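Reader: Please take me through one part of this model in detail. I would like to know which residues sit there, what they touch, and how buried or exposed they are.

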Amino acid sequence: MAEFESKLKDLIIKLHEIEAVKFGLFKMKSGIDSPVYIDLRSIISYPAILETVAELLWEFAIKDIDCNQLCGVPYAAMPIATLISSYSKTPMVIRRKEAKKYGTKKLIEGKFSPGDKCVIVEDVVTSGSSILETIMDLQSEGLRVTSAVVVVDREQGGNYNLSEKGVTMHSLCTLSQILQVLKDAGRVNQEIVDSVKKYLAASQIHLDSTFFTAQPLTESVKPSRLSLPFSVRADQATNPVAAKLLKIMVAKQSNLCVAADVTSASKLIALAETVGPYVCLFKTHIDIVEDFSAQLIQQLLAAAQKHNFLLIEDRKFADIGHTVSLQYSHGTYKICSWADLVTVHPVPGEGVITGLKSAVADLHRGCFIVVEMSSAGNLTTPSYISSSMEICKKHPDFVVGVVCQTPSTLNNPGLLQLTPGVSLDCQNDGELGQQYNSPEDVIMLRGADIAVVGRGIVQAADPVQAAQEYRTKLWAAYEKRVSSLKLA
Ligand SMILES: O=c1ccn([C@@H]2O[C@H](COP(=O)(O)O)[C@@H](O)[C@H]2O)c(=O)[nH]1
């Protein structure tokens with residue numbers, strides 16, 4: 001993974017050098033001025049770069065996807081798809097922009113059978129409309145398409161629009177990642193980063209049911225998670241804890257979870273009492289508290305009741321069902337006796353959830369499944385994420401949501417996306433691996449419903465003021481998301 005990341009960083013810098021990624025003022029197809037322009041058509045003039053793009057797309061996503069056909073979106077992605085096809089020996093089809101007017105009148109060139117599973121390859125995604133147009137033609141010829149693999153996600157709604165149509169998008173990098181790499185390499189300054197971020201937040205595109213034009217949502221289109229208010233979603237929750245959490249969020253106008261990573265009982269309680277009024281969730285790592293006692297738990301529960309928040313123990317259970325059921329209910333912490341929610345790694349398979357459930361038959365409890373982590377070099381792959389989501393779907397009575405970083409991972413409006421790695425001031429914590437996004441970005445671009453903020457609050461000079469600021473910014477971003485997706 002470290003090798004992959006280093007190759008990706010080199011690639012981003014090279015794309016900037018050959019001006020495939022440019023900053024300035026560019027008139028887009030929509031007529032809007034953009035401060036960034038990405039044009040990967042030019043990479044055919046740089047065979048080594050083209051080869052790296054193809055290799056990374058294959059390694060990063062396609063090799064894990066169950067498919068027997070590839071299709072590059074015309075025209076920029078066709079050479080990339082051709083290279084991947086040749087490299088991986090996966091057959092390829094080509095979609096004509098217009099059906100031939102003579103001879104075979106074919107729309108799709110290449111040999112395929114109805115039912116073949118095809119992955120779309122695309123260079124840059126903005127709204128996702130080109131991918132959807134391609135998919136419609138492929139589907140009309142009987143091909144099955146559920147995944148698209150792209151080089152750059154401009155983060156303007158493409159991921160969301162595709163997921164709305166049941167297409168999972170995997171991107172090699174996002175525009176935010178490109179900015180980060182170029183900023184770290186001293187290629188762009190903060191002013192450019194800020195102008196692109198501002199542009200992204202203001203230029204989200206939501207496609208209507210016909211795919212092609214950005215128009216208001218019609219009654220016939222089923223609104224999805226990101227566009228629905230929490231008040232409506234509370235009624236769609238299949239888990240009582242998820243419903244309760246959504247109602248708390250509405251009542252307190254808070255989608256802030258504080259990560260209370262402190263090592264003494266007095267600090268933990270002081271934090272719960274002072275930031276409690278501003279949070280919907282209070283997240284603990286109870287095993288880092290040096291003077292843990294049963295009294296601490298009583299105090300935490302009292303604070304949770306007084307300030308109306310839920311407790312989540314970020315235990316990240318990751319063992320066989322029998323073991324996790326014991327870890328959850330026994331030992332020093334007896335987690336299930338007090339934590340409304342816990343986090344779980346799905347790596348052991350479904351048994352980890354059934355194990356936890358078996359320990360709490362009569363209690364109102366739930367879990368968040370960690371399907372994707374915020375840390376640099378984490379090992380989650382697209383296929384891990386989609387298999388994890390299958391587990392999630394099988395336990396609607398216990399799974400409250402997922403911990404992840406991308407908006408298309410979760411569609412069900414009755415579930416919640418919890419996203420850590422949020423800071424107003426930092427982009428990372430150096431060698432420790434944490435990667436941060438701003439409150440606005442995690443809600444608008446990454447699809448978070450609840451943002452987890454740790455050191456940004458706990459280590460602030462004034463944690464209460466910091467909690468108020470994060471809460472205000474996160475809630476404003478949520479309101480903006482709902483209204484922009486409704487009106488777009
Ligand atoms: O992918 C993940 C999953 C969990 N975390 C947890 O969130 C907080 C983040 O703290 P910061 O101080 O804001 O970095 C911490 O408790 C982690 O264990 C995560 O960061 N990433």
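Author: **The annotated binding and active sites**

Leaving out residues up to four places away in sequence, Q434 touches S374, S375, G421, N428 and D429. This is a predicted model, and Q434 is a convenient place to enter it. The residue lies in a loop, the one that runs between strand β15 (416–419) and helix α15 (439–444). Q434 has 18 C-beta neighbours inside 10 Å and therefore counts as partly exposed; 20 or more would be needed for a residue to be called buried.

Q434 carries a record annotation. An unreviewed UniProt entry lists D261, K283, S374, Q434, G454 and R455 under "binding site". S374 is thus named with Q434 in that entry, and S374 is also one of the residues that Q434 touches. Such annotations may be inferred rather than shown by experiment.

The ligand in the model can be set beside that list. There are 17 residues around the ligand, and those that come nearest are A259, M373, P420, G454 and R455. Strand β16 (450–453) and helix α16 (455–458) are the elements that give two or more residues to this shell. By class, the shell is made up of seven nonpolar, seven polar and three charged residues. G454 and R455, which are among the nearest to the ligand, also appear in the UniProt list.

K283 is another entry in that list. K283 sits in strand β10, residues 281–284. There are 25 other C-beta atoms within 10 Å of K283, so this lysine is buried. Beyond its sequence neighbours, K283 touches C257, V258, A259, A260, I312, D314 and V452. Two of these contacts lead somewhere useful. A259 is one of the residues that come nearest to the ligand, and D314 belongs to a second annotated set, treated next.

The unreviewed UniProt entry gives D314, K316 and D319 as "active site". D314 lies in strand β11. With 24 other C-beta atoms within 10 Å, D314 counts as buried because that number passes the cut-off of 20. Leaving aside neighbours within four places in sequence, D314 is in contact with K283, T284, H285 and T343. The contact between D314 and K283 therefore joins two buried residues, one annotated under "active site" and the other under "binding site".

K316 is also in strand β11, which spans residues 310–317. K316 is partly exposed, because 15 other C-beta atoms lie within 10 Å of its own. Its contacts, again without neighbours within four places in sequence, are T343, V344, H345 and V370. T343 appears in the contacts of D314 and in those of K316.

The backbone at K316 deserves a separate note. Its phi is near 45°, a positive value in a residue other than glycine. Most residues other than glycine have a negative phi, and most peptide bonds are trans.

K89 gives a second example of a positive phi. K89 has a phi near 60° and is not a glycine. It lies in the loop between helix α3 and strand β4, just after α3. K89 has 6 other C-beta atoms within 10 Å and is therefore exposed; K316, by its own count, is partly exposed.

On the other side of α3 there is a peptide bond to check. P74 and Y75 are joined by a cis peptide bond, with omega at about -5°. Y75 is placed in the loop between strand β3 and α3. Helix α3 itself covers residues 78–88, and its buried residues include P79, I80, A81, L83, I84 and S85. Among the elements that cover them are helix α2 and the strands β3 (69–72), β4 (92–95) and β6 (117–125).

To return to the sites, a few points are worth marking on the model. K283 and D314 are buried, while Q434 and K316 are partly exposed. K283 touches both A259 and D314, and A259 is among the residues that come nearest to the ligand.

Notes
Residues are numbered from 1 along each chain as its sequence is written. This is a predicted model: local features need pLDDT of at least 70, side-chain atom pairs count only at pLDDT 80 or more; totals for chains, interfaces and linings use all residues. A residue is near a molecule or strand if its C-beta atom, placed from the backbone, lies within 6 Å of it. Helices (H or I, at least four residues) and strands (E, at least two) are DSSP runs, numbered from the N terminus. Ala, Val, Leu, Ile, Met, Phe, Trp, Tyr, Cys and Pro count as nonpolar, Asp, Glu, Lys and Arg as charged, and the others, Gly among them, as polar. A residue is buried if 20 or more other C-beta atoms lie within 10 Å of its own, exposed if 12 or fewer, and partly exposed in between; C-beta atoms are placed from the backbone. Two residues are in contact if their C-beta atoms, placed from the backbone, lie within 7 Å.
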